[in-house]
Amino acid sequence: MTQESFGQAGAHTDPEALSGPGLPDVIPPAPPGPLPITPRDPVAAQQFRTRRNYALFAGAGLVVGLGAGLLMAELDLSSPSNALADAVAECQVEDDPYIQLGDEGQSLTMSGAGEDSSGADYADMVCVLHEVDMPDSVSSQMGSTRALDGRQTAEWEDFNASWSYHPDSGMNVVVNIVDK
């Protein structure tokens, strides 16, 4: 087959017959299966690639974000509160043996003076409780507690407290920081 007969009607359409010296390269027929969906227009092809890249980056970002979120949910990143230690420091009772921080500053035990025992001054205990924003309702409950009432409890904001009172041993108060 000559180069002149290449473009004529009725010429061979077999790709192997169309190849040879001096003949132009012929694009082989498309393989069976779905056709590629990229447009032939260079501008449209670039837009398609750009959209595909955005989709890939968005998908990767979603996967990374979900993974990081799940990891962060498993980690306890909350730092311990210094509220009780700050209250003790503000009232200047750090050296009082009857007002003691415990559990790495997450609990506070105060033992008040009674008729038969020594303990923290009532004013110092009130100062510390005021510094942790104890509500008036809890203060009233503490003030009206009798020896027969046993141990009482209350909770506010980030704290819970339990207390008891006996005239002989005084007021005993434990305040804890609540994990939320």
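**Entry 1: the disulfide**

I looked up Cys-127 first and found that, at 27% relative accessibility, this residue counts as partly exposed in what is a predicted model. Its partner is Cys-91, and the two sulfur atoms lie 2.0 Å apart, forming a disulfide. Cys-91 is buried, with a relative accessible area of 11%, which places this residue on the other side of the 20% cut-off from Cys-127. I searched the whole structure for disulfides, and the search returned one. I then noted the torsion about the S-S bond of Cys-91 and Cys-127, which is about -90°, so the disulfide is left-handed. The pair joins distant parts of the chain, 36 residues apart: Cys-91 sits in the loop between α4 (83–90) and β1 (99–102), while Cys-127 belongs to helix α5 (residues 122–131).

**Entry 2: the nonpolar core**

Next I asked which residues have the most contacts inside the largest nonpolar core. That core holds 25 residues, and the ones with the most contacts inside it are Leu-108, Met-110, Met-142, Trp-163, Val-173 and Val-175. I listed the elements that give two or more residues to this core, and they are the helices α4, α5 and α6 (136–143) together with the strands β2 (107–111), β3 (152–156), β4 (159–166) and β5 (170–177). The largest share, four residues, comes from β5.

**Entry 3: Trp-163 and Ser-162**

I followed Trp-163 outward, leaving aside residues up to four places away in sequence, and its contacts include Val-138, Met-142, Arg-151, Ala-154, Met-171 and Val-173. I then turned to Ser-162, which lies in strand β4. Is Ser-162 buried or exposed? Ser-162 is buried, with a relative accessible area of 16%. With the same sequence neighbours set aside, Ser-162 touches Arg-151, Gln-152, Thr-153, Asn-172, Val-173 and Val-174. For one of these residues I also recorded a polar contact, in which the side chain of Ser-162 meets the side chain of Arg-151 at 3.4 Å.

**Entry 4: confidence**

Finally I checked how far the model can be read, and the mean pLDDT of the chain is 79, with 64% of its residues reaching 70 or more. Over residues 1–12 the pLDDT is below 50, and this stretch has 14 contacts in the model beyond near neighbours in sequence. Where pLDDT is low, the predicted coordinates should not be read in detail, and I therefore leave such contacts without detailed reading.

Conventions: Residues are numbered from 1 along each chain as its sequence is written. This is a predicted model: local features need pLDDT of at least 70, side-chain atom pairs count only at pLDDT 80 or more; totals for chains, interfaces and linings use all residues. Side-chain values use heavy atoms; hydrogens and water are left out. A disulfide is a pair of cysteine sulfur atoms within 2.5 Å. Buried means under 20% relative accessible area, exposed over 50%, partly exposed in between (1.4 Å probe, protein chains only). A nonpolar core is a set of buried Ala, Val, Leu, Ile, Met, Phe, Trp, Tyr and Cys residues joined through side-chain atoms within 4.5 Å. Contact means heavy atoms within 4.5 Å. pLDDT is the predictor's confidence in each residue, from 0 to 100. A polar contact is a pair of N or O atoms within 3.5 Å; within protein, one must be able to donate a hydrogen and the other to accept it, and residues adjacent in sequence count only if both atoms are side-chain atoms.
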